[in-house]
Amino acid sequence: MINSYWLGIMTQTGIYLLAVLGVCILTGFTGLFSFGHAGFMAIGGYVSAIAVKYGDLPLVAGLLLGTAAATLVGIAIGTPTLKLRGDYFLIATLGIGEAIRMILENWTFVGGAKGLTDVGKGISFPLVLLIDVVVIFMLANFLRSKHGRNCIAIRENETAARAMGINIFRYKLLAMGISCALAGLAGALLGHYMNYLQPTMFNSVKSNELLIMVIMGGFGSLTGSIISALILVPLPEVLRIGSAQEWRMVIYGLLVVLIIIFKPTGLMGYKEFSAKGILAFFSRLKKNAFKRQPKGGE
Amino acid sequence: MKKVIALLTAAVLSVSLLAGCNSDSADSGTIRIGFVGPLTGDSQPWGEAQLNEIKLCVENLNNNGGVLGKEVELFYYDNRADNIESANAAKRLIQEDGVCAILGPNASGAANAMASVCDENSVPMIATNATNPSVTVDDDGNVRPYVFRVCLTDTQFGESIASYAYSEMGLRNVAILYEVGSDYSMGLEQSFTASFESLGGTILTTEGYKTDDVDFRAQLSAIKELNPDAIFLPALYKQIVLATNQARELGEDAIFLGTDSWFSDDVLAAAAASVEGAVFTAAIDTESEELADIKAEYLDAYGEEIDTMGTTGYYGYDAFMVLIAAIEKAGSDDPTAIRDALEGITDVEGCIGPLSLDADTHNTQRVVAITTVENGAFKTISLYGGSK
Amino acid sequence: MFIQQLINGLAIGSVYALMTVGYSLIYSLMSFTNFAHGVVVTVCAYVGYFVLTFFITNIPVGILVALVSGVAVSVLIELSTYRPLLLRNAKRLYLCIAGLGLSIMVENLIIIILSGRFKSYPSEVLSLGNLTVGNATIGIIDLVILLVSVVALVCLEVYIRTSKDGLAIRGASFSLDHASIMGINTDGLMIKVFAIAGALAGIAGFFCGIKYTAYPKLGSSLTNKAFISAVLGGLGSLPGAIIGSFILGILEVLVSGYISSTLRDVFSFSLLVVILLVKPTGLLGKSSEDKA
């Protein structure tokens with residue numbers, strides 16, 4: 001039914017979704033913007049690639065190592081930088097993303113600018129889908145937990161949160177860790193999906209795209225980021241006409257400005273989908289279609 | 001969270017439903033071929049030249065009866081010089097459009113990305129301008145069964161200019177300025193260094209710059225200190241313009257050496273005085289009489305010269321010719337048969353002479369044109385048979 | 001070679017300075033990072049190209065036109081993008097993101113309208129020759145850039161120290177809200193500040209266009225350097241911005257010349273991160289409290 005081309009698109013969407021969710025956690029729920037998340041994807045990707053290609057480890061081990069490496073680097077970098085103010089942190093992440101890419105370009109062991117070929121395959125759509133579902137489940141739970149609520153509190157008003165006794169730094173670090181872990185996992189999956197890695201695949205344009213997707217979806221909402229990714233990742237493939245790609249970026253830029261000005265909370269705002277909401281929506285449809293009296297309640 | 005999972009599944013299913021119906025690829029009426037190249041972005045001039053030339057070739061061929069009695073249909077996609085887009089474009093060509101072979105791409109990174117796709121789907125690709133050796137031969141020395149190319153490799157280019165510089169020009173001390181983020185530039189730097197040193201020359205220093213850099217004075221000042229006979233600059237047209245102008249401004253008047261990326265009117269337009277006397281290997285001798293027809297046709301059809309920005313248009317022609325020859329030899333448009341025919345194919349009528357693909361490496365041998373800039377214009381001064 | 005590298009560094013630093021001062025001015029007044037600053041530089045580089053190529057090949061004229069365009073573009077950006085946000089007291093981070101969005105939009109628009117290929121200024125302007133001082137050479141154009149930069153920055157400093165507006169700016173840089181309470185027209189002030197920053201950025205764009213050709217990513221690639229210079233010198237301090245720019249220019253050149261040209265940018269960014277960690281206020285910056 002579905003040919004490998006579209007399956008490939010869906011797989012890529014599923015992979016980038018993880019990175020977007022990572023940025024979402026960091027930005028949406030802790031209020032920190034990162035301009036360099038593609039760098040963490042790169043770390044995850046390359047570590048996993050090296051493990052599988054040169055260490056002869058199985059794919060799963062590679063993925064785990066990649067994720068772990070990105071998390072560790074994220075925490076190591078986060079520890080000093082998270083103490084900085086918002087826009088300083090932003091510039092620092094910009095620098096880090098670029099620095100990671102430049103180091104990879106210069107390092108012949110990992111292929112340098114030429115990249116690393118034949119890093120190992122084995123990523124299928126069902127695998128990515130499974131990972132996505134598990135991660136979303138875990139994140140949703142996290143956000144409802146005390147820890148999640150603390151993160152949201154920090155986003156809303158840091159000083160007030162501190163006054164409530166929340167250890168700001170620890171939670172920021174936690175959010176950073178989770179966010180880098182997801183980015184690393186996404187990078188590792190991407191590498192093995194493409195069977196090839198090159199530092200240019202993780203440049204600042206990619207970091208910006210991740211951020212844009214989160215902003216558009218609404219950085220207080222997991223659902224928002226998911227919808228955003230589902231639409232925006234396949235979009236270049238759907239729009240294969242002439243200068244469409246540049247226009248796409250123009251529109252993104254414009255949308256970001258408009259969203260920030262008019263609805264900074266993005267598409268979904270702070271809301272998530274709820275079962276009640278969906279059922280209410282459908283029952284309203286049903287009511288109008290068949291003109292029956294509703295049984296009661298929504 | 002259950003609702004979130006529900007949402008995700010719903011979205012996925014709807015995407016798959018929308019995408020479910022793929023076009024019927026088993027159309028026996030035409031021979032379908034594909035092209036992937038940069039049609040937007042910095043590399044656009046090259047991709048465009050190739051695509052335009054290939055379109056002309058398709059038209060000509062169809063007017064003359066096509067191949068195997070059928071017309072050729074060309075499908076093409078822009079890869080924006082991005083690796084992931086290249087892989088997607090390749091998949092789309094194979095899965096959606098049902099092509100039997102792909103021409104392109106124009107860059108080694110993209111070619112590496114597409115190689116996996118082509119190998120997996122058993123559809124051959126003929127890279128037009130991907131010069132990194134690893135495109136056709138992987139790190140373990142195994143040739144990639146479905147990847148071929150009609151251009152020379154970085155190794156061959158580097159060797160030819162190094163040889164010429166040492167033997168014919170008598171240069172002994174050369175400094176290199178290369179782009180660190182570019183596999184093209186790094187590959188050339190490595191092969192030039194290896195060749196030049198093995199001949200007995202000395203590389204005084206190797207300075208690098210980052211991909212978006214525009215100021216090279218620090219590196220050029222360091223190079224000037226060492227007083228080189230020549231400076232090897234395997235860069236793209238913008239950096240060539242800037243680096244050469246800045247070098248001359250600093251009072252550095254060594255000769256510049258380069259490779260095929262130097263062959264661009266933009267370089268002459270913006271840096272004619274600075275590049276006067278530079279020597280580089282153009283991929284093809286553009287002054288050759290044999291190219292006259294191709295040039296005239298292209299000018300006629302598109303209103304501009306095929307080689308204003310480089311020689312890639314000619315590669316498009318060659319790639320197409322090789323493919324058609326292979327289809328004829330295979331007697332069918334079955335991708336695997338075409339692949340077998342491509343391996344070790346010989347004496348294809350290329351744009352400037354017979355073309356053969358080596359059975360072991362899927363690479364080719366070509367004669368390069370040692371070109372110089374004389375009085376603000378390009379001039380071929382020698383032909384150099386590629387080694388290995 | 002050291003003298004030559006020093007000269008190279010000064011030349012590069014003077015261009016950085018023009019960008020950094022404008023950026024630092026905005027930061028000191030409004031405490032946010034103007035990511036759209038690069039837009040002004042890029043646009044003015046193109047404006048300069050068109051004027052010099054199609055109208056009159058004359059550098060002073062070019063500088064003037066670029067300056068005026070810079071003011072226009074910068075004020076336009078402020079009014080259209082930042083003003084609505086500032087009016088609703090949006091978080092500073094939002095302003096950064098809006099700036100980013102704007103810069104992506106304009107960069108891609110330029111690619112669509114004008115093509116991604118670089119536009120080189122007329123060769124009469126490019127080949128002004130050079131001056132040899134001992135072992136070192138300096139391009140005449142670099143001397144011009146250095147001169148204009150110094151003049152512009154001195155004028156700015158004088159303006160800030162002596163004029164009434166300058167006093168207002170200095171006062172407002174401590175607290176915008178308090179300044180408005182004191183009767184300063186902060187809206188007008190913001191426009192003035194953006195205009196000044198725009199003028200400097202416009203000149204910077206023109207010079208960058210001459211030296212590096214006009215291309216879509218010109219502004220954004222240099223904006224990063226402006227940040228680093230501003231942080232190095234101390235965000236919020238104009239002399240700091242200037243000093244920071246020259247130090248960065250010289251350091252970059254020295255690292256490139258004596259250590260490794262390939263790792264120069266890794267060095268710059270690492271320096272940035274280190275400064276942010278060790279002394280976020282930079283060399284001359286004033287320490288700012290964490291605002292709620």
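**A tour of chain C and its contact with chain B**

Select chain C first and show its C-alpha trace: a compact globule of 292 residues would have a radius of gyration near 19 Å, and chain C, at 19 Å, agrees with that expectation. Bear in mind throughout that this is a predicted model. If you align the view with the principal axes, the C-alpha atoms of chain C fill a box of roughly 55 × 45 × 35 Å.

Next, colour chain C by secondary structure, where you will find 12 helices and two strands. Following the sequence from its start, the pattern runs α-α-α-α-α-β-β-α-α-α-α-α-α-α, with the two β elements placed after five α elements and before seven more.

Stay with chain C and switch to a colouring by burial, in which 58% of its 292 residues come out as buried. A contact map is a useful companion here, since among the contacts in chain C that link residues at least 6 apart in sequence, 78% join residues at least 24 apart.

Now bring chain B into view and select the residues where the two chains meet: 27 residues of chain B are in contact with 24 residues of chain C. On the chain B side, highlight strand S7 (202-209), helix H7 (217-225), helix H8 (237-249) and helix H9 (265-275), each of which supplies at least two of the residues that touch chain C. Pause on H7(B), which gives the most to this side, with six residues. Finally, colour the side of chain B that touches chain C by residue class, which separates its residues into 11 nonpolar, seven polar and nine charged.

Notes:
Residues are numbered from 1 along each chain as its sequence is written. Chains are lettered from A and ligands numbered from 1 in the order in which they are written. This is a predicted model: local features need pLDDT of at least 70, side-chain atom pairs count only at pLDDT 80 or more; totals for chains, interfaces and linings use all residues. Two residues are in contact if their C-beta atoms, placed from the backbone, lie within 7 Å. Helices (H or I, at least four residues) and strands (E, at least two) are DSSP runs, numbered from the N terminus. Ala, Val, Leu, Ile, Met, Phe, Trp, Tyr, Cys and Pro count as nonpolar, Asp, Glu, Lys and Arg as charged, and the others, Gly among them, as polar. The radius of gyration is taken over C-alpha atoms; the globule rule is 2.2 Å times the number of residues to the power 0.38. A residue is buried if 20 or more other C-beta atoms lie within 10 Å of its own, exposed if 12 or fewer, and partly exposed in between; C-beta atoms are placed from the backbone.
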